[in-house]
Amino acid sequence: MSAPVRKVIHVDMDAFYASVEQRDDPALRGRALAVAWGGKRSVVLTASYQARVFGVRSAMPLYRALERCPELLVVPPRFEAYREVSTQIRAVFHEFTPLVEPLSLDEAYLDVTYPLKGGPSATRLAGRIKRDILDCTGLSATAGVSVNKFLAKLASGLHKPDGLTVILPEQVEALLAPLPVTDFHGIGPATAARLRAHGIHTGADLRRSDPAQLAGWFGKVGEHYWRVAHGLDDRPVDPHRPHKSIGAEETYGDDLRGVQVVRQALPPIATSVERRLLRAGLAGRTVVLKIKYDDWSIVTRRTTLTHAIWHAGELAQVASNLVTPELVQGRAVRLLGITCAGLVPPYDPPPRLL
């Protein structure tokens, strides 16, 4: 007998931090709101949908968000409150399945192939989960339903907020073919630029590509790009998958040369790491710098701090201190990465190195 078709739900809370703040403070409801620490180096952690009308987005520098929306209300994050709500949401998930893989405080995969209750329809289960979350927390969630994690996550991003989207196997080719490669989860701006340099702009282009050639260009992940362009993803929903580290990398079309040039390239990477840490509700005590040279050799340097950090400015400063002249003098750098390990819940508010 063949294995049953897997049924996966991806649940993503709508503007989570901002929605919690608006729920808890009636004066904030219906207002353009950003959750962010104050200060010129701050970035927006979450923006309400009223603020998004003005182009305010997560990871945007706060000063730019205020330029776009002068009436923007800014409140500092309350991580204890967000963790409390996240615990309530996960309790709802576990009423339907033990196979819950949290991605962050506000996002998770659920395998409902064999649900604990609610019947066999994953679509109906997703609707019920959304209603139970609303009843329990007063907050709306968006759900995507499909046969694997990649497609379920793609589905949840199509109709936000408060959406419920299903992608059936027979819909995959028509849906994925016209999508720009930047719409594929895991393909960031730098990777998308490299794909476009090889003439790959859309899902259809990826489907026509040679997987071996993609692996030659991008390593093992290149074959993954080809598979997801065909709607293939055999990763299980893993309830025991811990966050061992969180990081980000950037590959450069033109190699970097010199200590100062390399150091100046670190802040955007640190901003990406900050956003991923905060979505996961974590901070890190260990910071790892990764450098890949033009000959594809790699070195790493790490330092462990006395306290955990998550702020982009601190991450960039610590990583910058690891960039020594002997690492980059006379060498061309094609990739930089920053990773946080030793993960713990963040301080509220965090201490500052600067």
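Is cysteine 340 buried or exposed, and at what relative accessibility? In this model, which I should say at once is a predicted one, cysteine 340 has 0% relative accessibility and therefore counts as buried. Cysteine 136, by contrast, counts as partly exposed, because its relative accessibility is 37%. As for disulfides, a search through the whole structure finds zero of them.

Let me turn to the sheet. Four strands make up an open sheet, and going across it the order is 9-12-10-11, with antiparallel pairing. Strand 9, residues 245-256, and strand 11, residues 298-309, stand at the edges with a single partner strand each, so that one side of each has no neighbour in the sheet. From one strand to the next the twist averages 15 degrees. Within the sheet, strand 10, which covers residues 283-293, is joined by ten bridges to strand 12, residues 333-344, and these two run antiparallel. If you would like a particular pair to look for on the screen, isoleucine 291 stands opposite leucine 336 of strand 12. Lying across strand 10, strand 11 and strand 12 you will find helix 14, residues 312-322, which runs at about 135 degrees to strand 11.

On strand 11 I would like to pause at threonine 306, which lies in that strand. Threonine 306 counts as exposed because its relative accessibility is 77%, and its side chain makes a polar contact, at 3.4 Å, with the side chain of histidine 307. Between threonine 306 and threonine 286 there are 9.2 Å in space, taken from C-alpha to C-alpha, while in sequence the two are 20 residues apart.

That leaves the nonpolar interior. The largest nonpolar core has 75 residues, and the members that touch the most others are Ile9, Phe16 and Leu336; the last of these is the leucine we met a moment ago, opposite isoleucine 291. Helix 4, residues 79-96, supplies the largest share of this core, namely eight residues. Apart from this core lies another one, of 20 residues, which includes Leu154, Leu176, Leu214 and Phe218.

What is phenylalanine 16 in contact with, once its neighbours within four places in sequence are left aside? The residues in contact with phenylalanine 16 are then Thr46, Tyr82, Val85, Ser86, Ile89, Leu105, Asp106 and Leu139.

Definitions and conventions. Residues are numbered from 1 along each chain as its sequence is written. This is a predicted model: local features need pLDDT of at least 70, side-chain atom pairs count only at pLDDT 80 or more; totals for chains, interfaces and linings use all residues. Side-chain values use heavy atoms; hydrogens and water are left out. Two strands pair if DSSP finds at least two bridges between them. Axes are lines fitted to C-alpha atoms, for helices over the stretch in contact, and angles run from 0 to 180 degrees between N-to-C directions. Contact means heavy atoms within 4.5 Å. A nonpolar core is a set of buried Ala, Val, Leu, Ile, Met, Phe, Trp, Tyr and Cys residues joined through side-chain atoms within 4.5 Å. Buried means under 20% relative accessible area, exposed over 50%, partly exposed in between (1.4 Å probe, protein chains only). A polar contact is a pair of N or O atoms within 3.5 Å; within protein, one must be able to donate a hydrogen and the other to accept it, and residues adjacent in sequence count only if both atoms are side-chain atoms. A disulfide is a pair of cysteine sulfur atoms within 2.5 Å.
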